Amino acid sequence: MTAITEIEVAPRDRLSQARALHWGLAGALLLACIASLQVGATDVTLSAMLGKIAQGQALSQMERVVLFDIRLPRLAMGVLVGAALAVSGAAMQGLFRNPLADPGIVGVGAGAGLGAILAIVLGAVLPIWMIDLVGNQMVPVAAFLGGWGSTILLYRVSTRHGRTSVATMLLAGIALGALAGALSGILVYIADDRQLRDLTFWGLGSLAGASWAKVLSAGPLILLSIGAALMLGRGLNGLALGEATAAHIGIDVQRMKNIAILAVAGATGAAVAVSGGIGFIGIVVPHLLRLASGPDHRTLLLNSALLGATLLILADVIARVVIAPAELPIGIVTAVLGAPVFLWILLKRRGMVEL
Amino acid sequence: MTSCNSSKGAYAALLTAMFGAFIAMTVSAQEPTEGSNLRADVLSIGGSVTEIVAALGQEHRLKARDTTSSYPPEVTKLPDVGYMRALSPEGVLSVGPSLILSEEGAGPPEALEVIRAADVSFVEVPDALTPDGILRKIEIVGDALGVPDRADGLAAEVETALASALRDAERPEADKRRVLFVLSTQGGKITASGTGTAADALIRMASGVNAVTEYEGYKQITDEAVGLAAPDVILMMDRGGDHGVADEDLFDMPAIRLTPAAQTRSVLRMDGLLMLGFGPRTAEAVRALNDALYAEGT
């Protein structure tokens, strides 16, 4: 396995520069959050409401519903999902020492998609009491289980005598992804046209279904997974030098791989479960940051979380404002914005554009 | 060139006529109708529900609609809250409805939950594939709009129209033509309607025989099965302009080339909402399809 990531020993000033970037990105995230609460299809604005509260006036029911039941849970979910996708992307790219790796490549996305499709297509035939039990959460729960199931299977396949082969994992991930895709295809075939339309929209991703229930069900797992991923900085830096070298400089490589895989499965599984398929955040954000502040994972992971959250929130603002009162699936927005950026990054890497 | 010159006058006349019709439409839309003291605050979701609202003379109360609501044409001027299966809660609330009338199956469910929490009345109108179902839709919409008497009137009208259309459409079993409803021919693969769909119901009501009864719903069908289904007529949605597949291309598809329909080059195209909406215009759809099926060739 060749390491494609350029290995670069970060000079001290570069590291402090990257640390300063934490603060800049945190500021940008805060501004994005304010923007997200300020605008929407209704003319309810955060500033007007704060003014009302300051003057001791009561908020109208419309204002309360829009702020507390629609925009705030949506913002919270956007922050969680954006951070989860970007951190997972950064961790995967570090783990595979391949800048093209993303959670989709190890089959987490396909597994989660299979779970969601199962719930949408077969949900109707479950006994009523079972539907009542999970209610509207059936699709997210199934997606999450699908993501976890495929990750665990993958891990089993690629681990022998306690050693995980990243190369095997990559290949097995592609095979499992294809298998999940094929099984999804069978279900698509037996789906009726209404379910098909649900599947299409699920696949495009959206934060429109945000609710406090979803934030509370996915939030703890996402935060835990991000927290675990943020501790991998030194280990991933070591891994960039090769497994043997990493082991020689005192890194428990196997333990680090375990943590990275669990963190990615947890964060991506839960994020995909609540928001559907949202592409490009996981692959574009770490790239942009490596260009801006170098490949040091000690700063890259946290910066990815901040920038991922910021970009997803801004994409969501675009998704719900641009054709209001209707809204675009957010996956379309991230792909339309993300794909050209990604292409530009690729061209730049090969020295084909000067910018 | 000469034809171009001579048709200039015709174009001008056509433009004037269209302009006149447009003015007439806007004027008539502004004319006060019964109940116009009520403010426009109804959001209608689903093509057939919107048609019923208009047929009840309550169009002036519509404030917004969804993408599937395209008839009567004037409603397309209203704000569009998006596709009925992918509604945005804030988008829906932003049009300020105090009543939402929705065809069964609007979503996503989480969006509807939030909308209900905002204290907006939400009335779900069940799907229908039978004359009785259409009457029930009309009653539910009439009750929700507070015009039950008008709904009774409309229901009676629709009932009579449907009964007479069905009676006129009746044919002896042996004469019935086999109809293949083709939803799409994307990539040379034919997606056709089996049983349990609006297309199947309409074909039966118009005294046709659905050529495909082996499966339920709309599915891709193999070329050989199309041959076995042996349709006398292909029925498709009229997408207007160049969006639909041309007749030559359709009859040139290997699956269709060998069917009786290809031999007689029988293809019918109807407006999708008229055909599959199951609203107040279904009697019209039954007659149109029946006429088209049996007027030619027999």
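How much area does chain B expose, and what share of it do carbon and sulfur atoms supply? Chain B exposes about 14,100 Å², and carbon and sulfur atoms supply 54% of that area. The views below come from a predicted model.

**View 1. Chain B combines 13 helices with ten strands.** The chain has 298 residues, and 47% of them are buried. Among its contacts with a separation of 6 or more, 57% are between residues 24 or more positions apart.

**View 2. Chain B meets chain A through 29 of its own residues.** On the other side, 26 residues of chain A take part in the contact. The area buried between chain B and chain A is about 2,300 Å². Carbon and sulfur atoms give 55% of this buried area. Three residues, B:R85, B:E90 and B:E110, supply 28% of the area that chain B buries against chain A. No other three residues supply more.

**View 3. A salt bridge links A:R71 to B:E90.** The closest N and O atoms of the pair are 2.5 Å apart. Between chain B and chain A, the count is two salt bridges. B:E90 is also one of the three residues named for their share of the area that chain B buries against chain A.

**View 4. Two cis peptide bonds of chain B precede prolines, B:P72 and B:P108.** Most peptide bonds are trans. The bond between B:Y71 and B:P72 is cis, with omega about -10°. B:P72 sits in the loop between strand 2 (62-65) and helix 3 (89-94) of chain B. The bond between B:G107 and B:P108 is cis too, with omega about 0°. B:P108 belongs to the loop between strand 3 (99-103) and helix 4 (109-117) of chain B.

**View 5. B:S207 and B:R265 have positive phi without being glycine.** Most residues other than glycine have a negative phi. Phi of B:S207 is near 60°. This serine lies in the loop between helix 7 (198-205) and strand 7 (209-210) of chain B. Phi of B:R265 is about 50°. The loop that holds B:R265 runs between helix 11 (260-264) and strand 10 (267-270) of chain B. Are these residues buried or exposed? B:S207 is buried because its relative accessible area is 6%, under the 20% limit. B:R265 is at 48%, between the 20% and 50% limits, so it counts as partly exposed.

**View 6. Helix 14 of chain A is mostly covered.** Of its 25 residues, 19 are buried. The helix covers residues 297-321. At 1.5 Å a residue, it should span 36 Å. Its end C-alpha atoms are 35 Å apart, which agrees with that expected span.

**View 7. Six residues of chain A form a nonpolar patch on the surface.** They are A:I318, A:V322, A:I323, A:I332, A:V336 and A:L337. Together they have about 500 Å² of accessible area. Which helix gives the most to the nonpolar patch? Helix 15 (residues 330-349) of chain A does, with three residues. A:L337 lies in helix 15. Its relative accessible area is 47%, so A:L337 is partly exposed.

Technical notes
Residues are numbered from 1 along each chain as its sequence is written. Chains are lettered from A and ligands numbered from 1 in the order in which they are written. This is a predicted model: local features need pLDDT of at least 70, side-chain atom pairs count only at pLDDT 80 or more; totals for chains, interfaces and linings use all residues. Side-chain values use heavy atoms; hydrogens and water are left out. Helices (H or I, at least four residues) and strands (E, at least two) are DSSP runs, numbered from the N terminus. The expected span of a helix is 1.5 Å times one less than its number of residues. Buried means under 20% relative accessible area, exposed over 50%, partly exposed in between (1.4 Å probe, protein chains only). Patches are made of residues with over 30% relative accessible area and no salt bridge: like charges are joined within 9 Å, nonpolar side chains (Val, Leu, Ile, Met, Phe, Trp, Tyr) within 5 Å. Accessible areas come from the Shrake-Rupley method with a 1.4 Å probe; for residues, only the protein chains shown count as cover. A salt bridge is a side-chain nitrogen of Lys or Arg within 4 Å of a carboxyl oxygen of Asp or Glu. Contact means heavy atoms within 4.5 Å. Buried area is the accessible area (1.4 Å probe) that two parts lose on being put together, summed over both.
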